[in-house]
Amino acid sequence: MDTAKLCSEMVKIKTENPPGDTRDCAEFVGDFLESIGIPVSYTYGPDGRTNVYSRDQTGDLLLLGHMDVVPALADGWNHPPYSGFIDETYVHGRGAADMKGGCAAILSALSAVQEKGAEIPVSVALVCDEEGGGRYGTRQLLAEKIIHPCDCLIAEPTPEHAPCIGQKGVFRFTVNFTGEPGHSSLFPQFGTSAIMQAADFLSWISTLHEREYPLSPQLEEVIAHSCAVAQEIYGGDFSSVFRRIAYNPGIIEGGERENIVAQQCSLVMDMRLPWGVSRKDIEEEIVSHLPANAGFRMKTAADASMTEPDSFLVKTVCSCIGDAYGIACRPMAQWAASDARALRLAGFRAVEYGPGELKTMHAVNERVRIDQLNTAAEIYTAVMEKYGERR
């Protein structure tokens, strides 16, 4: 099976999210799976949001990927973002790394296993809405009880030699500050500025980043390895990224005009929570530092999560990666989030491992190495065979 060609064909099918229209790509995937003897079904959401999954969802292992991609402007690309251009080394284009390369490797591996005619206890699902938060993708499949708790291998791009077994938590919220308007020439003696309330709050929020939280010896080992892997790829010190609260005031809007003490100011915040801190504790502390008349609304909240390093899933994936590359493979954690978070909350054991040039994800000239695509397909095949042997 030509995994690079599969990846290229999927890249050519535009699936930007928004709007998240994956109909054509889902049909491409569905036709391929049906052609190798795997019956499929679909779910349909608004604006063409389509999921495709194997009709048999009784496998001990679920292979999961997402077909949607972030938008891409044509400016600056060496090859048009939806060309799926293939050269001697790479498949180029939006989604090649995140994560149509991983989806192609899944399909290629399933084809290889089907050709062997072995009974493999594996299910598959490719979803439409990971980049948009998952409401119409994995979360819909969970809500409709289409997929069921089991081991799950997600083909998200990761370092070649290190699968990701955990993610930091997420805490997103909005705050609406209300001040007492007045003439700007009298401030700060008279009037209360909603903008200054927001500024004071942000000053306090920054102190949360100074804290570090205790970890178990097992978790400390994973985090230390994660820091080393990330530093090798990106450079810089990643210790605070993994061990501390990250915060980003993504949107702030306020004020009526420059000569009025601001009556309104709104803030939208994204925070990432490390292991060792509860999102409930953080919420209580945040609310306690807001003015009494501020309006707080939580958008998304989840604690940091991790699949047990000594689970069969993690050991199997690490073993197959190690065999493919001739190394001693160790898992790492991730500073961002993915569908793995929702799956763990629903009772799944989830691990991420997939191909892709990590520095090009969501960037101009996104790409995936062809040799990495092929190796990922071989690893997925080996993992499936291990699950077959287990039965």
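Which elements cover the buried residues of helix 2? I began with this question, working on a predicted model.

**Entry 1: helix 2**

I found that the cover over the buried residues of helix 2 includes helix 1 (3-12), strand 1 (40-44), strand 2 (50-54), helix 3 (96-116) and strand 5 (122-127). I then listed the buried residues of helix 2 themselves: Cys 25, Ala 26, Val 29, Gly 30, Phe 32 and Leu 33. They lie on the same side of helix 2, because they cover an arc of only 160° around the axis. On the face turned away from that buried side I noted the exposed residues Asp 24, Asp 31 and Ser 35.

I also checked the length of helix 2. Its 13 residues (23-35) should span 18 Å at 1.5 Å a residue, and the end C-alpha atoms are 18 Å apart, which agrees. Just after helix 2, I recorded a positive phi of about 90° at Gly 37.

**Entry 2: strand 5**

I turned next to strand 5, one of the elements that cover helix 2. Six of the six residues in strand 5 are buried. In a regular strand, side chains alternate between the two faces of the sheet. I looked up the two directions here: Val 122, Val 124 and Leu 126 point one way, while Ser 123, Ala 125 and Val 127 point the other way, and all are buried.

Which strands are joined to strand 5 by bridges? Strand 2 runs antiparallel to strand 5 and is joined to it by two bridges. Strand 3 (residues 61-66) runs parallel to strand 5, with six bridges between them. I noted that Leu 126 is the bridge partner of Val 52, and that Gly 65 stands opposite Leu 126 as well.

**Entry 3: Ile 106**

Is Ile 106 of helix 3 buried or exposed? Its relative accessibility is 1%, so Ile 106 counts as buried. Leaving aside residues up to four places away in sequence, I found that Ile 106 touches Leu 63, Leu 64, Gly 65, Val 124, Leu 126, Ala 155 and Tyr 380. I also looked up Glu 378, which is 272 residues from Ile 106 in sequence but 9.5 Å away in space, C-alpha to C-alpha.

**Entry 4: helix 1 and helix 11**

Two packed helices are described by the angle and the distance between their axes. I therefore looked up both values: the axes of helix 1 and helix 11 (residues 370-390) come within 9 Å and cross at roughly 105°. The two helices are therefore roughly perpendicular to each other. Where they meet, I found Thr 3, Ala 4 and Cys 7 of helix 1 against Ile 370, Leu 373, Asn 374 and Ala 377 of helix 11.

**Entry 5: a sheet of four strands**

I last examined an open sheet whose four strands stand in the order 9-10-8-11, with antiparallel pairing. Strand 9 (246-254) and strand 11 (295-302) are at the edges, each with a single partner strand, so one side of each has no neighbour in the sheet. From one strand to the next, the twist averages 10°. Eight bridges pair strand 9 with strand 10 (residues 264-273), and Glu 253 stands opposite Ser 266 in strand 10.

Which helices lie across these strands? Helix 5 (residues 194-208) lies across strand 8 (169-178), strand 9 and strand 10, at about 10° to strand 10. Helix 8 (residues 279-288) lies across strand 8, strand 10 and strand 11, at about 165° to strand 11.

Terms used
Residues numbered from 1 in each chain as written. Predicted model: local features only at pLDDT ≥ 70, side-chain atom pairs only at ≥ 80, totals over all residues. Heavy atoms only, no water. Expected span 1.5 Å × (residues − 1). Buried < 20%, exposed > 50% of the residue type's maximum accessible area, 1.4 Å probe, protein only. Arc of directions from axis to C-beta. Contact = heavy atoms within 4.5 Å. Pairing = 2+ DSSP bridges. Axes fitted to C-alpha atoms, helices over the stretch in contact; angles between N-to-C directions. Parallel < 35°, antiparallel > 145°, perpendicular 65-115°, else oblique.
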